[in-house]
Amino acid sequence: MLKKKVIALLIILILSITFIGAFTNYFKFKSERTNFTKKVIFEFDFSTSIGDVEIGPGDSININPYVKSNASLPMYVFIRVQMPVVSLVPLYSITPNADWILVEDAGEYHTYAYANDDSMLVLAPEESTNALANKMTMKKISLSEFAGLDDINVSFIAYTIAVGDHVPTAPNEAWTYLKELCNL
């Protein structure tokens, strides 16, 4: 009787191992993961071509701020110039070149759009804007005002936004839209 029980137990054990093996073989799987990377669709280079210079009241320096698109999408471009203010007047004057118009004059901030009077110009992939300006001139101020300045540096900041149905084409409206979008 003991032999029959051992044989029955062995049969049950063999069947169990066979069933578990079949069960695990039935549920085996293999997987592979892709190695995708994001395509660069919105990138640009910005240069002002301004080196270290000494400058004083009434002096002019050559500048050449422009944007080159490395993007995969067309974009609208703005350049904001932040400069010190003396007696509520910006320390420097800039006369923009063709294809740039002033869209904001806020004391220390002057923002220019790559545009004509009524419509933004589109910067296509791999193209560059014209230079914003070629010359910047320091205001003629007194020596005491000049001596009282802590900082005479200017910041040029380029902003771009992809062209799309939701972005206004009028320069002032496009700048307002970008400012609201970026909390500027």
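**Exercise 1.** How many bridges join strand β1 to β3, and do the strands run parallel or antiparallel?

*Solution.* This is a predicted model, where local features need pLDDT of at least 70, side-chain atom pairs count only at pLDDT 80 or more, and totals for chains, interfaces and linings use all residues. Residues are numbered from 1 along each chain as its sequence is written, and side-chain values use heavy atoms, with hydrogens and water left out.

- Find β1 at residues 44-47; 4 bridges join this strand to β3, and the two run antiparallel. Strands here are DSSP runs of E, at least two residues, and helices are H or I runs of at least four, numbered from the N terminus. Pairing takes at least two DSSP bridges.
- Now look across: Phe 46 sits opposite Val 67 of β3.

**Exercise 2.** Work out which side chains of β3 are buried.

*Solution.*
- Use these cut-offs: buried is under 20% relative accessible area, exposed over 50%, partly exposed in between (1.4 Å probe, protein chains only).
- Walk along residues 66-69: Val 67 and Ser 69 share one face and are buried, while Tyr 66 and Lys 68 point to the other and aren't.

**Exercise 3.** Trace the salt bridges made by Glu 104.

*Solution.*
- Look for a Lys or Arg side-chain nitrogen within 4 Å of an Asp or Glu carboxyl oxygen.
- Start with Arg 80, which meets Glu 104 at 2.9 Å, N to O. Glu 104 is in strand β8 and Arg 80 in strand β4, 24 residues apart.
- Next comes Lys 179, also 2.9 Å from Glu 104, N to O. Lys 179 belongs to helix α3, so this pair ties together parts 75 residues apart in sequence.
- Put together, Arg 80, Glu 104 and Lys 179 form a salt-bridge network.
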